[in-house]
Every structure is written in structure tokens, then in C-alpha cells.
Amino acid sequence: MASSIFQFRSCKVAVIGAGPGGLVAARELRRESHNVVVFERQDQVGGTWVYHPCVDTDPLGSDPSRTIVYSSSLYSSLRTNIPREIMGFLDYPFLSTGLAHRDSRRFPGHREVLLFLNDFTTKFRLTDLIRFKTEVVYTGLGEDGKWRVRSRKGNDEEEIEEIFDAVVVCNGHHTHPRIPQIHGIDAWPGKQMHSHIYRIPEPFRDQTVILIGNAASAHDISRDISQVAKEVHVASRSEKHNLFGKQPGYDNMWLHPMIESVHRDGTVIFQDGSRVLADVIMHCTGYEYHFPFLDTDGLVTVEDNRVGPLYKQIFPPALAPWLSFVATLASDWWQAPLFTVFELQSQWIAGLLSGRIGLPSQEEMMKDVEAFYSSLEASGTPKRYTHKLGDYEFEYIDWVAAACGLPRIEGWMKKMYHATFDNMKVRPETYRDEWDDDDLVLEAHKYLRSDIPLDAISPL
């Protein structure tokens with residue numbers, strides 16, 4: 001899709017959000033000689049990796065009048081669930097700094113990821129591109145084909161409108177919780193909350209807590225809470241029946257099928273007929289995509305949590321390449337190396353905007369989108385899982401790399417990803433501290449041309 005002869009364009013581009021996706025988008029756009037402005041409503045970079053103990057006033061996140069804390073869904077104990085060797089950017093790896101105040105573990109805590117993103121921002125001099133404490137309140141296409149972006153600084157009521165050639169949406173999707181319907185919930189007397197506002201286990205001391213979901217957050221939080229709670233019960237729709245019951249290594253944790261109903265006396269009944277008298281139900285059920293600032297006159301919609309139509313998860317065919325989305329990809333239990341994904345998506349966007357790379361026609365892009373949607377339907381994949389990469393994560397990454405004129409992702413990275421996933425299944429409680437792929441660690445560090453930290457080798 002690369003053009004051998006092209007007329008170079010330098011565009012004025014608005015990037016909405018300064019999380020990992022927005023930061024690498026800004027870098028790639030500037031590398032391609034575009035004029036970039038990044039809008040960030042927080043006072044620092046990092047997006048979802050900014051931890052703050054304060055939480056939304058509404059525990060379910062469903063009240064539109066609630067006080068929204070524009071931080072993230074991080075809990076205090078969170079550590080990465082993929083190793084740092086495959087979590088960085090292609091030309092800026094996430095290796096241990098060796099500094100005493102930094103977290104040198106192979107699966108570090110969330111603070112280390114934020115520090116890495118700050119290092120990245122400093123290294124590539126991105127701060128001057130970012131307008132902090134600035135919220136985008138409207139983005140729409142004018143009659144002249146240019147984008148009108150209105151923003152507001154801090155608590156100012158005054159809105160400033162600017163004109164851009166292109167807009168890259170990188171606002172993330174971890175602020176608007178997705179809450180399932182439960183029969184009888186209106187009369188149930190206990191407390192409900194979403195994992196979005198979970199921070200520490202202490203408030204759940206001596207309580208009986210039910211968590212709905214079996215992705216990474218439910219796994220981590222259930223273990224966290226089990227240290228202080230009377231009982232912890234996890235309701236999951238995806239586990240095999242032979243795994244239900246008391247969990248190995250715990251005296252106070254059980255796995256159940258999904259909730260059938262809840263009742264006025266506080267009882268929660270599961271689909272297998274078992275029941276628990278619970279104090280708290282915590283929804284670890286993901287998030288809704290939310291773009292309240294974006295006006296596309298219906299060309300981009302969110303329906304059952306599908307943002308679409310998007311060609312290759314990035315471009316609305318009718319608006320490409322002038323509107324694009326980075327970091328819409330979602331994960332269930334396991335994450336692809338998302339920073340790498342964001343980097344490649346951003347390189348593709350930057351090259352398309354400059355004219356160095358070409359796109360198929362609008363009709364061809366729509367046919368591709370429709371074929372993708374048909375394949376999801378044929379496989380029985382619900383619409384709300386459109387943005388989950390699933391088993392084709394590296395196929396997708398390699399496709400985007402090829403569209404940028406780049407080689408496929410290194411083999412060691414793919415092997416390490418799968419080795420980590422296999423290790424998690426074997427050692428669900430300790431996979432972040434025990435592993436068997438030291439050969440891949442050595443290969444990774446050799447490729448990344450870095451000395452190997454002593455703590456990067458497993459103690460096994």
C-alpha cells in the first residue's frame with residue numbers, strides 16, 4: 001500500500017488523550033512532520049496508568065451527575081500481567097533502569113509503568129505538545145472538510161475552538177463501567193460497586209463479597225480481598241464446571257457459575273442452585289466505549305459496545321484517514337503487547353496523513369469491515385467483543401506492520417507472550433514471580449541490546 005511517488009502533506013492534527021496511545025501517536029505524527037496538539041484532561045501523562053486513591057462518587061458509575069475522577073481503574077496492588085520485555089515500544093523497550101527507587105521486577109507494579117511513560121515523554125520531548133488540564137468538549141467535521149475541536153481549560157467555562165486537518169482519538173475506555181442486569185437487584189439490600197472504584201482491600205474486612213467476572217481484574221481483586229474478607233465468591237460465565245467450588249490454596253474463596261437472581265433478604269442464588277448471603281457485589285465486567293465529544297453525523301456509532309464501522313480497528317471508511325482511533329482494542333484475561341500495537345497503528349496513521357502510504361477505497365474498506373463482522377457472527381462472537389483481538393493478535397500486529405512497510409514482530413516476542421500465558425494457567429497465583437522461559441529472556445535482552453539485570457532471571 002506504500003506509494004513510490006507521492007506529494008507530501010504536513011497536517012495539523014489533534015490527538016485526544018495523553019495515555020500510552022496518545023503519547024506514541026504524538027511521537028509518530030511529529031516524526032512524520034505533522035503539526036501536533038495533544039489534549040489531556042488530567043495534569044499529567046499516563047492515562048489509565050495514573051493511580052489516584054480518590055474514586056467516583058457513584059460506585060456503579062451510572063449516574064450522569066456523579067463526580068467523575070478522571071484517573072484510571074488501577075488498584076493499589078496491581079502488577080502487569082505481561083513481562084516488561086514485551087510491554088515496551090519497539091524502539092524504546094521497557095527494561096529495568098537498575099535505579100534503587102524503581103521497580104525492577106519482570107512484572108512490575110503500576111507505578112513503574114507510569115514512570116516508564118514519563119521517561120518516554122521526556123526522551124522524545126513530547127511535553128511541549130501537550131495541553132494539560134484541557135478537556136475536549138466537541139469534535140465535529142465542518143462543511144470545508146476540516147475538524148472543529150472545542151476545548152475547555154480546567155474549570156473555565158470559556159470554550160476555545162480550533163481547526164484541524166485530522167483528529168486521532170486516544171481517550172481510552174476505562175472510565176464508564178459496564179453493568180449487567182441481575183434479576184431482583186433493585187430489592188437487594190447489599191452494596192453494589194464496579195471494580196473501577198476498587199483501590200485497597202481493607203473496606204471489605206470481615207464481609208462476604210461476590211465478584212462478577214473472571215478476567216484479570218476479578219482474578220487479582222479476589223485474591224487481594226481474600227486477605228481480609230470473611231468470604232469471597234467469584235461468579236464466572238466462562239469457567240468449566242469442574243473448576244467450580246472452593247479454590248485451591250484458599251479457605252475463604254469459591255468459584256461459581258453466573259448469578260441467577262438476588263433477593264430482598266440479601267441472598268444471592270447462582271445458576272447451579274447454590275446460594276450465599278452477601279454484603280457486597282462487585283462488578284468486574286468491563287467498560288463502555290464513550291466518546292461524548294465526537295460528532296460524526298452518525299458515520300461512527302457505538303452499538304452494543306462496538307465502535308464502528310472501523311477499518312482494521314482504526315479508520316471509519318467514510319472519514320479515513322482524517323479521523324482515526326488508537327487504543328480501542330480491548331482485552332479479556334490476556335493482553336497483547338498493546339504498546340507495540342499502539343505504536344504500529346500510529347505509524348500507519350502518520351504515514352497515511354502525509355501521503356507516504358495509501359489506503360484502499362472507501363468501498364473496499366467497507367467490504368473488509370463487513371467481512372470481519374460476518375466472520376465474528378459466524379463464529380458466534382457477540383458484537384460487544386468486536387475489539388477483542390483474541391487468537392489473532394499477532395496476525396493483526398503483523399498486518400499493521402506490513403501496512404507500514406515494516407517487518408513482522410520478532411519471533412521471541414510471540415514465543416514469550418504464549419509462554420507467559422501458559423505459565424499463568426499452570427501457576428495462576430505465582431506466574432509473575434516464577435517462570436520457565438529464561439531462554440527467551442536472554443534472547444529478548446540480546447535483541448534489545450541491553451545488559452541483563454540480575455533480577456530478570458527466574459529464581460527457579
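Helices here are DSSP runs of H or I with at least four residues, and strands are runs of E with at least two, numbered from the N terminus. The model is predicted.

**Exercise 1. Overall form**

Task: State how many helices and strands the protein has, and decide whether its radius of gyration agrees with that of a compact globule.

Solution.
- Step 1. The secondary structure comprises eight helices and 20 strands.
- Step 2. For 460 residues, the globule rule of 2.2 Å times the number of residues to the power 0.38 applies. A compact globule would then have a radius of gyration near 23 Å.
- Step 3. The protein has 23 Å, so the value agrees with the rule.
- Step 4. Along the principal axes, the C-alpha atoms fill a box of roughly 70 × 50 × 45 Å.

**Exercise 2. Burial, contacts, surface and charge**

Task: Describe the burial of the residues, the sequence range of the contacts, the make-up of the accessible surface and the placement of the charges.

Solution.
- Step 1. A residue is buried under 20% relative accessible area. By this cut-off, 54% of the 460 residues are buried.
- Step 2. Take the contacts with a separation of 6 or more: 65% of them are between residues 24 or more positions apart.
- Step 3. The accessible surface is about 21,200 Å², and carbon and sulfur atoms hold 49% of that area.
- Step 4. The protein has 48 positive and 63 negative charges, and the mean positions of the two sets are 2 Å apart.

**Exercise 3. Two helix residues**

Task: For M413 and V400, find the helix, the burial class and the contacts beyond four places in sequence.

Solution.
- Step 1. M413 belongs to helix α7, residues 411-426. Its relative accessible area is 7%, so M413 is buried.
- Step 2. Leaving out residues up to four places away in sequence, M413 touches I86, P337, T340 and F394.
- Step 3. M87 is 326 residues from M413 in sequence, yet the two C-alpha atoms are 9.8 Å apart.
- Step 4. V400 sits in helix α6, residues 393-403. V400 has 1% relative accessibility and therefore counts as buried.
- Step 5. With the same exclusion of residues up to four places away, V400 touches L344, Q345 and W348. For W348, 52 residues away along the chain, the C-alpha separation from V400 is 7.3 Å.

**Exercise 4. Aromatic pairs**

Task: Classify the ring pairs Y75–Y198 and Y311–W348, and state where their residues lie in the chain.

Solution.
- Step 1. A pair of aromatic rings is described by the distance of the centres and the angle of the planes. Planes under 30 degrees apart count as stacked, over 60 as edge-to-face, and the rest as tilted.
- Step 2. The structure holds 25 aromatic pairs. In one of them, Y75 and Y198, the ring centres are 6.0 Å apart and the planes stand at 55 degrees, so the pair is tilted.
- Step 3. This pair links distant parts of the chain, 123 residues apart: Y75 is in the loop between β2 (35-39) and α2 (110-123), and Y198 is in the loop between β8 (191-194) and β9 (208-212).
- Step 4. Y75 is buried because its relative accessible area is 5%. Y198 is buried as well, at 1%.
- Step 5. For Y311 and W348, the centres are 6.1 Å apart and the planes are at 55 degrees, so this pair is also tilted.
- Step 6. Y311 lies in the loop between β19 (306-308) and β20 (323-325), while W348 lies in helix α4 (residues 338-354); the pair therefore ties together parts 37 residues apart in sequence. Both Y311 and W348 are buried.
- Step 7. Ring pairs also join F89, Y92, F94, F116, F120, F124, F339 and F342 into a cluster.

**Exercise 5. Backbone geometry**

Task: Locate the cis peptide bonds at P309 and P321, and the positive phi values of D304 and K312.

Solution.
- Step 1. G308 and P309 are joined by a cis peptide bond with omega about -5 degrees. P309 is in the loop between β19 and β20.
- Step 2. A320 and P321 are likewise joined by a cis peptide bond, with omega about -5 degrees. P321 is found in the loop between β19 and β20.
- Step 3. K312, also in the loop between β19 and β20, has phi near 55 degrees, a positive value in a residue other than glycine.
- Step 4. D304 is in the loop between β18 (301-303) and β19, and its phi is near 50 degrees, again positive in a non-glycine residue.
- Step 5. The relative accessibility of D304 is 38%, so D304 counts as partly exposed.

Note on methods. Residues are numbered from 1 along each chain as its sequence is written. This is a predicted model: local features need pLDDT of at least 70, side-chain atom pairs count only at pLDDT 80 or more; totals for chains, interfaces and linings use all residues. Side-chain values use heavy atoms; hydrogens and water are left out. Buried means under 20% relative accessible area, exposed over 50%, partly exposed in between (1.4 Å probe, protein chains only). Contact means heavy atoms within 4.5 Å. Accessible areas come from the Shrake-Rupley method with a 1.4 Å probe; for residues, only the protein chains shown count as cover. Lys and Arg count as positive and Asp and Glu as negative; His and the chain ends are not counted. The place of a charge is taken as NZ of Lys, CZ of Arg, CG of Asp or CD of Glu. Rings of Phe, Tyr and Trp (its six-membered ring) pair if their centres lie within 6.5 Å; planes under 30 degrees apart count as stacked, over 60 as edge-to-face and the rest as tilted.
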